Each structure stands twice: as C-alpha cells, then as structure tokens.
Amino acid sequence: QICCDSVEKSKAAIDAGARVLEVHRPPDAQGSTPSTEFVQEVLRHAAARGVAIVVHAVVRPRSGPFCYTQPEQAAMIGAAQELARAGVGGFVIGAAARGGGVDFPFLQGFSAAVAPLQVTLHHNVVDNEGGVWGPEKPEVSKLEPRLTRLAAAGVTRIISSGGPWVDGKAAIGGGGRGGGG
C-alpha cells in the first residue's frame with residue numbers, strides 16, 4: 001500500500017507493484033479530496049496493465065483540524081458518493097468532535113452513505129480518544145473497546161502512520177497491523 005498525491009505517482013506505484021493506493025490531492029491544494037478524473041485515470045492505467053488494484057480516496061474538504069461543519073460533512077458525503085461511482089474501493093477520513101474525540105454521528109452517517117465500501121479513520125482522531133497511537137505502546141485492554149465502537153460506526157481500517165504497535169490480534173479478532181500510513 002502506498003499514498004500518492006498525483007496521477008503520475010499513482011501510475012509509478014502501480015508499475016512498481018502497489019496494489020492498494022490511498023490517493024489525495026497535493027498538500028498545497030485546498031482540500032485533499034481527489035477528483036473523479038484522477039481516480040478514473042489511475043484505474044484505467046491499472047486496467048490497461050491487467051492489474052487489479054484498490055483505490056482508497058482521502059475525503060477532506062480543507063486542511064486543518066478534522067472537525068467539520070454540517071455543510072462540510074454533507075459535501076464530504078456527496079464527494080464520496082461521486083468517487084464511489086468512479087470506482088474507488090474505500091475512503092480515508094477524519095471525524096473529530098468539537099470537544100475532542102471521534103464525531104460518531106458523522107462517522108456513522110458517512111459510513112452508511114458509502115456502504116459497503118471501506119472506511120479508514122485517520123489516527124489523529126483516535127489519538128484524541130486517549131492516545132491509542134500515542135508515543136507509548138497502547139495497552140490491549142484499552143484498544144478493544146475503542147476499536148469495537150469504531151467498527152460499529154463503520155470503520156474498517158485505521159491509519160497508524162507507523163511507530164510502535166502492540167500485538168493486539170487476540171483483542172481485536174486477528175486484525176492488528178502496524179505501519180502503512
């Protein structure tokens with residue numbers, strides 16, 4: 001898996017063997033959500049080479065905190081549905097509540113709107129829930145209830161951005177992995 005901010009980088013990643021791509025607009029762009037044309041060109045490139053890939057699109061209307069207004073949330077859902085029609089296999093979002101932690105109502109609404117596609121939550125939001133991916137190694141007993149609640153809200157993956165990881169496979173049903181973000 002690799003994160004790419006341009007069609008050219010995405011094509012190079014596919015040609016180098018990547019089979020899962022997280023795509024977004026360049027950091028200097030206003031917002032990170034890629035265009036449907038970006039996604040379609042990447043998928044066409046893979047198809048022309050006979051390669052099956054999964055594209056996860058970042059859905060983020062602006063830079064800054066992951067705490068979004070209701071109009072921004074509605075725009076994110078609309079953009080995600082358009083990207084789903086373009087062929088993405090999942091989405092990467094942040095969903096922070098105004099007082100800290102996860103905005104579960106938005107996360108649940110977003111997940112329902114894009115089901116059955118995968119929803120990946122950015123780890124910075126989870127960190128606000130009490131340091132799941134903070135500098136200290138998390139305790140498995142603290143992971144299980146948080147991950148269970150996130151899964152119930154529709155989250156299928158969490159970006160960890162590397163760093164320390166606990167072998168929590170037993171606690172989370174065999175799905176633990178680190179790195180990759």
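Colleague: How many helices and strands does the protein chain have?
Modeller: This is a predicted model, so keep that in mind throughout. From the N terminus on, the elements go β-α-β-α-β-α-β-α-β-α-α-β. Tallied up, the protein chain has six helices and six strands.

Colleague: And what share of the residues of the protein chain count as buried?
Modeller: The cut-off here is under 20% relative accessible area. With that applied to the 181 residues of the protein chain, the share that counts as buried is 46%.

Colleague: Let's go to β4. Which residues of that strand are buried, and on which sides?
Modeller: Strand β4 takes in residues 90-93, and both of its faces are covered. On one side you have G90 and V92, and on the other F91 and I93. So, with buried meaning under 20% relative accessible area, the buried residues are G90 and V92 on one face, F91 and I93 on the other.

Colleague: What is the bridge partner of V58 in β4?
Modeller: V58 belongs to the β3 side of the pairing, where β3 (residues 54-58) and β4 run parallel over three bridges. Between those two strands the chain passes through helix α3 (residues 70-86) in a right-handed β-α-β crossover. The partner of V58 in β4 is V92.

Colleague: Over on β5, which residue stands opposite F91?
Modeller: β4 also pairs with strand β5 (residues 118-122), again in the parallel sense, with four bridges. The chain gets from β4 to β5 through helix α4 (residues 104-114), and that β-α-β crossover is right-handed. Opposite F91 in β5 you'll find V119.

Colleague: Which residue is the bridge partner of V20 in β3?
Modeller: β3 is mostly covered, with four of its five residues buried. Four bridges join β2 to β3, and the two run parallel. The chain goes from β2 through α2 to β3 in a right-handed β-α-β crossover. For V20, the bridge partner in β3 is V54.

Colleague: E22 caught my eye. What is the nearest side chain of opposite charge, and how far away is it?
Modeller: E22 lies in strand β2 (residues 20-23). Its contacts, leaving out residues up to four places away in sequence, include H56, V58, V92 and I159. E22 is buried yet has no salt bridge, because a salt bridge needs nitrogen and oxygen within 4 Å. The nearest side chain of opposite charge is R157, at 5.2 Å.

Colleague: Why do the buried residues of α1 sit on the same side of the helix?
Modeller: In helix α1 (residues 7-15), the buried ones are V7, S10, A13 and I14. They are on the same side of α1 because the arc they cover around the axis is only 120 degrees.

Colleague: What covers the buried residues of α1, then?
Modeller: The residues in question are V7, S10, A13 and I14. Their cover includes β1 (2-4), β2 and α2 (36-48).

Colleague: Which residue takes a positive phi just after α1, and of about how many degrees?
Modeller: Helix α1 is made up of residues 7-15. Just after α1 comes the residue you want: G17, with a phi of about 115 degrees.

Colleague: On to charges. How far apart are the closest N and O atoms of K9 and D5?
Modeller: K9 is partly exposed, with a relative accessible area of 46%. D5 counts as buried because its relative accessibility is 15%. The two form a salt bridge, the closest N and O atoms being apart by 2.9 Å.

Colleague: How many residues apart are E41 and K11?
Modeller: Their side chains meet in a salt bridge at 3.0 Å, N to O. The pair links distant parts of the chain, E41 in helix α2 and K11 in helix α1, and the separation is 30 residues.

Colleague: Are R62 and E72 buried or exposed?
Modeller: The side chains of R62 and E72 meet in a salt bridge (2.7 Å, N to O). R62 is in the loop between β3 and α3, and E72 is in helix α3, ten residues apart. As for accessibility, R62 and E72 are buried.

Colleague: Last one: how far apart in space are T156 and G90, C-alpha to C-alpha?
Modeller: T156 sits in the loop between α6 (140-152) and β6 (157-159). T156 counts as partly exposed because its relative accessibility is 49%. T156 touches Q118 and V119, residues up to four places away in sequence aside. T156 and G90 are 66 residues apart in sequence, and in space the C-alpha to C-alpha distance is 9.4 Å.

Conventions: Residues numbered from 1 in each chain as written. Predicted model: local features only at pLDDT ≥ 70, side-chain atom pairs only at ≥ 80, totals over all residues. Heavy atoms only, no water. Buried < 20%, exposed > 50% of the residue type's maximum accessible area, 1.4 Å probe, protein only. Pairing = 2+ DSSP bridges. Right-handed = clockwise from strand over helix to strand, strands pointing away. Lys, Arg positive; Asp, Glu negative; His and termini not counted. Contact = heavy atoms within 4.5 Å. Arc of directions from axis to C-beta.
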